[in-house]
Amino acid sequence: MESLFKAPGVRYDGNLVFSPRKALVNGKRFEHGMSVDVKDDPMGPGEICGMTIPVQGKFLRFQATVGRDDDEAKLGTGYCYFEVYGDNKLLFRSDAIRSTLYPVLTEEGGAKRSRPQPVDLEIKGVRLLRLIVRYANDFKQTGTFSAGPTGGHVKRAAGCIWYDAKLISGTGAMLDTDRLKERDERIRTAAQLAARSLKRQLQALEKPGTKFPLIILPIRDEFRVSPDDLLIRPQIAKVFFGSEDGKPLGVPLEPEKTAELREILRNFSPKSLRELARAAEQGRYANAPYLIGGYIENERLYLILLDTRPDDGQVVGNATGWLSPP
């Protein structure tokens, strides 16, 4: 377990970071676990925390058990979900899970449990394995336990833990390079087609030959920055700058402005009007009249063209592309 989550290339995303610790689940001690606390997010699907493991198609199965740590759960008794994604596709979602020790009153509907749940998944050919913990805010929760001003709060799920995790290899676990190359090529093609559409829309807004700085934001999915960002953004740069090495910022920034811009890029989602306004403000810092932002959902790439000059920014173009056959 410990070596799996400390392997080179493991990346943590979402709102928080997992912490390694010994686990005590239903009175049984485990030497290695990875635990996190998540809390309610009234404006979204619940706070999330995730890690991405580069398994590179070398394994057949992923096995683990998910549950709640006896010692930690009293600090936040709310329900949570555990999810596993393979190359951005949902492979597993647990029941809503709480600790056995601290009951929570809930409304009817949805599968709920107070015991650990096993995970056993086929991951043949998967390059990036993503493990997610999400606060369960799709039903009302009422606490029955209190351990002081910070304890027993159902708006928080503490001690959400993965343990006994292992990757299993064997015959047939070799990477299907032809299939992966084909998917990568589809992603590049979709990104180029969407970027060309966006460029035509930009050319309709500006006089021919006009040159100005243009910012290309990292491509997000619902967690943070999508692994496919490394394939998509170079294609957008190639369309707009004639080279995959195009300068997306266009102009140098002062160190403090660079730090602010990096922060907004890290969490930017073109679905959020508030984030659009913040992105527009950062674009003005860079003296860039336009931003290109992107979002991946259900294997579909969405690109937008944002005019940064209005106070809250204004979407003036959009394009889509399928990352896999519809």
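Is R233 buried, partly exposed or exposed? In this predicted model, R233 has a relative accessible area of 26% and counts as partly exposed. Its side chain meets that of D229 in a salt bridge, with N and O 3.1 Å apart. Both residues belong to helix α3, which spans residues 229-241, and they are four residues apart, about one turn of the helix. D229 is buried, at 5% relative accessible area, so this salt bridge joins a buried residue to a partly exposed one.

The chain as a whole gives the setting for this pair. Five helices and 18 strands are found along it. Of its 326 residues, 48% are buried. The exposed area of the chain is about 15,900 Å², and carbon and sulfur atoms supply 51% of that area. Among contacts with a separation of 6 or more, 74% are between residues 24 or more positions apart.

Strand β4 is one of the enclosed parts. It covers residues 48-54, and six of its seven residues are buried, so the rest of the structure largely encloses the strand. Its partner is strand β12, residues 128-135; the two run antiparallel and are joined by seven bridges. Within this pairing, P54 stands opposite L128 of β12.

L128 also leads to strand β6. G86 lies in that strand, which covers residues 80-86, and its C-alpha is 5.9 Å from that of L128, although the two residues are 42 positions apart in sequence. Leaving aside residues up to four places away in sequence, G86 touches L91, V126 and L128. G86 is buried, with a relative accessible area of 6%.

Strand β6 also takes part in a salt bridge. R93 pairs with E83, and the closest N and O atoms are 3.0 Å apart. R93 lies in strand β7 (residues 89-93) and E83 in β6, so the pair ties together parts that are 10 residues apart in sequence. The two ends differ in exposure: E83 is buried at 2% relative accessibility, whereas R93 is partly exposed at 40%.

A further pair links two other strands. The search of the whole structure finds 10 salt bridges, and one of them joins R61 to D120, with 2.8 Å between the closest N and O atoms. R61 is in strand β5 (residues 61-68) and D120 in strand β11 (residues 117-122), so this salt bridge connects parts that are 59 residues apart in sequence. R61 is partly exposed, with a relative accessible area of 29%, and D120 is also partly exposed, at 43%. Side chains of opposite charge can pair when their charged atoms come close.

The cysteines present another case. How many disulfides does a search of the whole structure find? It finds zero. A disulfide requires two cysteine sulfur atoms within 2.5 Å. For C49, the closest cysteine sulfur is that of C160, and at 9.4 Å it is too far away for a bond. For C160, the closest cysteine sulfur is in C80, at 3.4 Å, which is also too far for a bond. C49 is buried, at 0% relative accessibility, and C160 is buried with a relative accessible area of 0% as well.

Two residues remain to be considered for their backbone angles. Most residues other than glycine have a negative phi. N26 has a positive phi, near 55°. This residue lies in the loop between β2 (19-25) and β3 (28-39), and its relative accessibility of 34% makes it partly exposed. D164 also has a positive phi, near 55°, but lies in a strand, β14, which covers residues 156-168. With a relative accessible area of 38%, D164 is partly exposed.

Definitions and conventions: Residues numbered from 1 in each chain as written. Predicted model: local features only at pLDDT ≥ 70, side-chain atom pairs only at ≥ 80, totals over all residues. Heavy atoms only, no water. Buried < 20%, exposed > 50% of the residue type's maximum accessible area, 1.4 Å probe, protein only. Contact = heavy atoms within 4.5 Å. Areas by Shrake-Rupley, 256 points an atom, 1.4 Å probe, with all protein chains shown as cover. Pairing = 2+ DSSP bridges. Salt bridge = Lys/Arg side-chain N within 4 Å of Asp/Glu carboxyl O.
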